[in-house]
Amino acid sequence: QIRFQAGLLLANGRTVITCIGLPVIMLVGATGHGHPGPGVVAGRAVFGLTLAAWNVHGIRLVAAREAGVLKRWRATPLPRWCYFCGRILATVAVGALAGVATVGVGVFLYDTPMSLGAALDVLVAFVLGAAAWAAAATAVTSAVPTVDAAGPIFILIYFPIIIVSGVLGSISEPHWLATLAGYLPARPLSEAVAEALRHTAGAPHLPGHDILVLAIWAVAG
């Protein structure tokens with residue numbers, strides 16, 4: 001089921017261009033004032049990952065429901081949990097791939113430092129972050145009435161979170177909003193990846209608060 005769903009995602013050219021190509025282009029465009037720092041690389045990588053795990057996954061799931069695909073799967077011996085876990089884990093794999101592609105561009109083109117421990121930290125953050133976003137998107141689909149409404153609903157939720165979380169760049173915001181953003185799944189993911197990229201030597205390190213927030217979102221979703 002994971003292999004089947006991942007194949008469907010990667011066979012869609014729009015998914016590949018949007019989730020992998022767009023963040024890379026944005027990263028290259030951000031280098032006009034010099035090499036991008038770890039925060040910029042992390043932000044662009046998280047942007048591609050969350051596009052796959054939130055928008056693409058959520059809209060595809062609503063479309064499958066509206067087309068009767070979920071009803072047909074329910075008539076098969078495949079357990080419901082297996083079907084949804086297959087979709088979520090396939091999305092996690094594709095989302096992590098999108099993030100890795102962007103970080104790889106930062107490493108090979110702009111000399112972003114990367115040790116083995118940092119690479120493992122980044123991968124852990126990508127997997128946990130993609131799981132949190134995909135699980136939350138799965139939960140939200142139950143409140144989306146039609147596939148026509150899916151795109152606007154997911155986008156209207158997505159971009160305010162991404163903007164206030166500073167994924168696309170820091171903004172001036174009141175203290176209470178910054179505190180709130182720390183408990184949403186975007187800023188903890190971006191900060192965890194940035195921290196891993198800055199950690200070039202020694203033992204692996206991921207911020208405990210960020211990992212805990214992402215794990216709670218994944219389980220709750």
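Buried means under 20% relative accessible area, exposed means over 50%, and partly exposed is what lies in between (1.4 Å probe, protein chains only). This is a predicted model, where local features need pLDDT of at least 70, side-chain atom pairs count only at pLDDT 80 or more, and totals for chains, interfaces and linings use all residues. Residues are numbered from 1 along each chain as its sequence is written, and side-chain values use heavy atoms, with hydrogens and water left out.

**Exercise 1. Classify A196 as buried or exposed, then find what it touches.**

Step 1: the relative accessible area of A196 is 0%, so A196 is buried.
Step 2: place A196 in helix α9; helices are DSSP runs of H or I with at least four residues, strands are runs of E with at least two, and both are numbered from the N terminus.
Step 3: list contacts, meaning heavy atoms within 4.5 Å. Not counting residues up to four places away in sequence, A196 touches A118, D121, V122 and L206.
Step 4: check a C-alpha distance. A196 and A119 are 77 residues apart along the chain, yet their C-alpha atoms are separated by 7.6 Å.

**Exercise 2. Do the same for A132: where does it lie, and what is it in contact with?**

Step 1: A132 lies in helix α6.
Step 2: its relative accessibility is 0%, so A132 counts as buried.
Step 3: with neighbours within four places in sequence left aside, A132 is in contact with L214, W217 and A218.
Step 4: now try a C-alpha pair. A132 and V122 are 10 residues apart in sequence and 15 Å apart in space.

**Exercise 3. Count the salt bridges and describe each pair.**

Step 1: set the rule. A salt bridge is a side-chain nitrogen of Lys or Arg within 4 Å of a carboxyl oxygen of Asp or Glu.
Step 2: apply it, and the count comes to 2 salt bridges.
Step 3: take R65 and E66, whose side chains meet at 3.3 Å, N to O. R65 counts as partly exposed because its relative accessibility is 29%, and E66 is also partly exposed, at 41%.
Step 4: turn to R187 and E173, where the closest N and O atoms of the salt bridge are 2.7 Å apart. This pair links distant parts of the chain: R187 sits in helix α9 (residues 186–198) and E173 in the loop between α7 (147–164) and α8 (175–181), 14 residues apart.
Step 5: check the cover. R187 has a relative accessible area of 14%, so R187 is buried.

**Exercise 4. D210 is a buried acid; work out what its side chain has for company.**

Step 1: find D210 in helix α10 (residues 208–220).
Step 2: look for an opposite charge, with Lys and Arg counted as positive, Asp and Glu as negative, and His and the chain ends not counted. The nearest such side chain, R187, is 8.4 Å away, and D210 has no salt bridge.
Step 3: look for a polar contact, that is, a pair of N or O atoms within 3.5 Å; within protein, one must be able to donate a hydrogen and the other to accept it, and residues adjacent in sequence count only if both atoms are side-chain atoms. One such contact, of 3.4 Å, joins the side chains of D210 and H209.
Step 4: add the other touching residues. Residues up to four places away in sequence aside, D210 touches P188, E191 and A192.

**Exercise 5. Which residues form the nonpolar patch with V100, and how much area do they have together?**

Step 1: recall that patches are made of residues with over 30% relative accessible area and no salt bridge, with like charges joined within 9 Å and nonpolar side chains (Val, Leu, Ile, Met, Phe, Trp, Tyr) within 5 Å.
Step 2: V100, in helix α5 (residues 80–110), has a relative accessible area of 40%, so V100 is partly exposed.
Step 3: V100, L123 and V127 form the patch on the surface, with about 220 Å² of accessible area together; the areas come from the Shrake-Rupley method with a 1.4 Å probe, and for residues only the protein chains shown count as cover.

**Exercise 6. What is the phi of D111, and is D111 buried or exposed?**

Step 1: find D111 in the loop between α5 and α6 (116–141).
Step 2: read the backbone. Phi is positive, about 55°, although D111 is not a glycine.
Step 3: the relative accessibility is 59%, so D111 counts as exposed.
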